[in-house]
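Welcome! Here is a short tour for anyone meeting this structure for the first time. Have a look at the sequence and the model, then follow the notes below.

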Amino acid sequence: QVQLAESGGGLVQTGDSLRLSCAVSGGTFSMYAMGWFRQAPGSAREFVCAISWEGVDRHCTDSVKGRFAISRDNSKNTVTLQMNNLIREDSAVYYCVADRRGAMGPVMGDYWGQGTQVTVSS
């Protein structure tokens, strides 16, 4: 059974940085495309960033381009989301996802973590 565990969320101020991590167990991590989604209260779940299984292809939604970066370490079965210059609109629960087919983007997500809360105050 594939399990994903996010960590690194918290309360920060506008302009601060935060680093989210996701540890994956129970599957073949190096074969999955990995990604991050987020969901704010009253809003639909939103795709944030994704990275291909070998780490070559990366894609982020327009609202975070230039501020967020996704990376992975296949030797440690982890994926990381570095978030810089945070704004209030980034406040949400952030979810780590894994996709067995290599899909990257809003349609990805065979496996999901429980989420970690990020709150940005002004």
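Strands β4 and β5 make a hairpin with 6 residues between them, and in its turn G42 has a positive phi of about 80°. Keep in mind that this is a predicted model. From this hairpin we can move on to its neighbours, then to the open sheet, the cores and the disulfides.

**The hairpins around β5**

- Strand β4 covers residues 33-39 and runs antiparallel to β5, with 5 bridges joining the two.
- One pair to look for here is R38, which stands opposite E46 in β5.
- Strand β5 spans residues 46-51 and is mostly covered, with 5 of its 6 residues buried.
- β5 also pairs with strand β6 (residues 58-60), in the antiparallel sense and over 3 bridges.
- β5 and β6 form a hairpin too, with 6 residues between the strands, and G55 takes a positive phi near 85° there.

**The open sheet**

- Four strands form an open sheet in the order β1-β3-β8-β7, and their pairing is antiparallel.
- β1 (3-7) and β7 (68-73) are the edge strands, each pairing on one side only.
- From one strand to the next, the twist averages 15°.
- Starting at the β1 edge, 5 bridges join β1 to β3, and S7 has S21 in β3 as its bridge partner.
- Next, β3 and β8 are joined by 6 bridges, with L18 and M83 of β8 as bridge partners.
- At the other edge, 6 bridges join β7 to β8 (residues 78-83), and F68 stands opposite M83.
- In a regular strand, side chains alternate between the two faces of the sheet.
- Strand β3 (residues 18-25) has a covered face made of L18, L20, C22 and V24, while R19, S21, A23 and S25 make up its uncovered face.

**The nonpolar cores**

- The largest nonpolar core has 28 residues, and those with the most contacts inside it are M34, W36, F68, V79, L81, M83 and Y94.
- The elements giving two or more residues to this core are β3, β4, β5, β7, β8, β9 (92-99) and β11 (116-121).
- A second core, separate from that one, has 6 residues, including A33, F37, A50 and M108.
- Leaving aside neighbours within four places in sequence, L81 is in contact with L18, R19, L20, W36, V48, C49, F68, A69, I70 and Y94.

**The disulfides**

- A disulfide is a covalent bond between the sulfur atoms of two cysteines.
- How many disulfides does a search of the whole structure find? The search finds 2.
- One of them joins C22 and C96, whose sulfur atoms are 2.1 Å apart.
- C22 lies in strand β3 and C96 in strand β9, so this pair ties together parts that are 74 residues apart in sequence.
- The link of C22 and C96 is left-handed, with -85° about the S-S bond, and both cysteines are buried.
- C49 and C60 form a disulfide as well, with their sulfur atoms 2.0 Å apart.
- Because C49 lies in strand β5 and C60 in strand β6, this pair ties together parts that are 11 residues apart in sequence.
- C49 and C60 are also bridge partners.
- The torsion about the S-S bond of C49 and C60 is about 110°, so this disulfide is right-handed.
- C49 counts as buried because its relative accessibility is 0%, and C60 counts as buried at 12%.
- With the bonded cysteines of the chain numbered in sequence order, the pairing is 1-4, 2-3.

Methods: Residues are numbered from 1 along each chain as its sequence is written. This is a predicted model: local features need pLDDT of at least 70, side-chain atom pairs count only at pLDDT 80 or more; totals for chains, interfaces and linings use all residues. Side-chain values use heavy atoms; hydrogens and water are left out. Buried means under 20% relative accessible area, exposed over 50%, partly exposed in between (1.4 Å probe, protein chains only). Two strands pair if DSSP finds at least two bridges between them. Axes are lines fitted to C-alpha atoms, for helices over the stretch in contact, and angles run from 0 to 180 degrees between N-to-C directions. A nonpolar core is a set of buried Ala, Val, Leu, Ile, Met, Phe, Trp, Tyr and Cys residues joined through side-chain atoms within 4.5 Å. Contact means heavy atoms within 4.5 Å. A disulfide is a pair of cysteine sulfur atoms within 2.5 Å.
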